[in-house]
Amino acid sequence: MSPGFDFGLPSDRNGKDLGVFLPIANGGWILSSNAPRLDGSYQYNRQVALLAEETGLDFIMAMAKWRGYGGPNEHWRYALDAQILMAALAAITRRVKVWTTVHTLLQNPAVTAKMISTLDHISGGRAGLNVVTGSYKGEFDQMNAWSKDVGHDERYDLAEEWVTIIKRLWTEPAVNFEGKYFTMTDCQSDPKPIKKPFLVCAGTSTRGMRFTVDEMDAMFVGGPNDEAIAKISTKAKAMARESGRTIKTYVMMTLVIGATDAEAEAQAAYFRAGFDEQACFGMMRAYGFIDSEIGHENSFVQSARSGFMSARIIGSADSVARRIIAILEYCELDGMMLIFPDYIASMPVFAREIMPQIRARFPEK
């Protein structure tokens with residue numbers, strides 16, 4: 001991202017971006033028989049999107065998922081399509097940014113360029129794209145789409161060609177391109193986006209960070225603790241500065257909010273007591289208990305073994321607000337993508353009791 005580019009986000013003006021990771025698959029992000037029964041339906045996601053719009057959140061984002069993890073709750077077996085869902089939600093919202101997800105191994109860049117440009121027109125310039133260069137091998141194997149000859153780092157080489165073609169199709173009348181992975185011959189894609197779509201990726205390996213810093217506008221970061229998150233966030237920003245660019249950094253966080261800290265802790269303990277071990281095993285089998293490609297257990301798997309599939313903050317509204325502010329400051333983050341056990345119940349509480357404290361601490365300038 002060139003310095004000074006304005007996406008219409010608070011972070012463009014020194015504020016913090018707050019959004020939600022939509023629950024587009026059944027079970028949400030807690031592997032537990034005791035968690036609220038999120039069905040992943042369009043109706044539920046429609047309610048969440050409208051709440052995000054009404055309460056002043058900045059973005060909504062959907063993942064892409066093709067196979068669940070099994071277990072008694074059939075976790076994530078029933079999942080909506082991210083692109084079609086976000087187009088539908090773009091049509092019923094007016095302000096909140098709409099970010100979808102595409103896997104570079106599955107979709108041709110010319111198809112993606114047209115799709116995201118269409119989303120941008122539907123939304124009036126609010127489109128964004130979460131770029132995923134690889135994922136769960138089991139999901140791809142079921143459709144014979146996993147490339148055994150394209151290793152971890154090579155998938156970023158493929159993604160560089162992929163995103164280069166898309167960016168050119170968004171700005172040039174026709175594109176000729178001959179690479180190792182893609183060939184375009186007088187390829188046309190019109191209409192162009194109304195506004196440059198927002199690009200984000202979660203590449204945090206050495207090669208992934210280089211790709212994300214060079215090609216994306218933002219990076220999702222994660223880690224087992226604040227220190228690990230801060231290390232990745234500050235390193236990405238330093239790498240961007242060295243290249244004459246800027247990069248936004250976000251973290252994904254589950255919020256368990258109670259009337260008191262004790263009530264929230266009791267709620268989280270209840271979720272953990274219903275831990276869906278079979279679904280967790282299915283997830284580890286799909287991803288790999290130890291990710292052989294990056295050489296260590298990834299933070300997603302580490303977290304999921306606790307029942308929660310992301311980092312979490314547990315406490316009263318005031319405690320949660322203080323913790324969010326502390327993480328944003330210490331880790332030099334530009335925002336947070338939020339997950340709730342029950343979105344419909346918790347989002348109004350967040351908007352009423354927590355978000356004003358965050359906005360007051362990080363006012364736009």
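This is a quick talk about strand E3 and the strands beside it, ending at Asn-130.

Okay, so one thing up front: we're looking at a predicted model.

Let's start with E3, residues 97-103. Seven of its seven residues are buried, so the strand is largely enclosed by the rest of the structure. And that goes for both faces: Lys-97, Trp-99, Thr-101 and His-103 are buried on one side, and Val-98, Thr-100 and Val-102 are buried on the other.

Now, what does E3 pair with? On one hand there's E2, residues 59-61, which runs parallel to E3 and is joined to it by three bridges. If you want a pair to click on, take Ile-60, whose bridge partner in E3 is Val-98. Put helix H2, residues 82-92, together with E2 and E3 and you've got a right-handed β-α-β unit.

Then there's E4, also parallel to E3, with six bridges. Here Trp-99 has Gly-128 as its bridge partner. To get from E3 to E4 the chain goes through helix H3, residues 109-123, and that β-α-β crossover is right-handed too.

Right, on to Asn-130, which sits in E4, residues 127-132. Buried or exposed? Its relative accessibility is 8%, and the cut-off for buried is under 20%, so Asn-130 counts as buried.

Who's around it? Leaving out residues up to four places away in sequence, Asn-130 touches Met-61, Thr-100, Thr-101, Val-102, Val-200, Cys-201 and Phe-220. With Thr-101 there's a side-chain to side-chain polar contact at 3.1 Å. And a last one: Ala-64 is 66 residues from Asn-130 in sequence, yet their C-alphas are 9.5 Å apart in space.

That's my bit, thanks.

Notes
Residues numbered from 1 in each chain as written. Predicted model: local features only at pLDDT ≥ 70, side-chain atom pairs only at ≥ 80, totals over all residues. Heavy atoms only, no water. Helix = DSSP H or I, 4+ residues; strand = E, 2+ residues; numbered from the N terminus. Buried < 20%, exposed > 50% of the residue type's maximum accessible area, 1.4 Å probe, protein only. Contact = heavy atoms within 4.5 Å. Polar contact = N/O pair within 3.5 Å; in protein donor to acceptor, adjacent residues only side chain to side chain. Pairing = 2+ DSSP bridges. Right-handed = clockwise from strand over helix to strand, strands pointing away.
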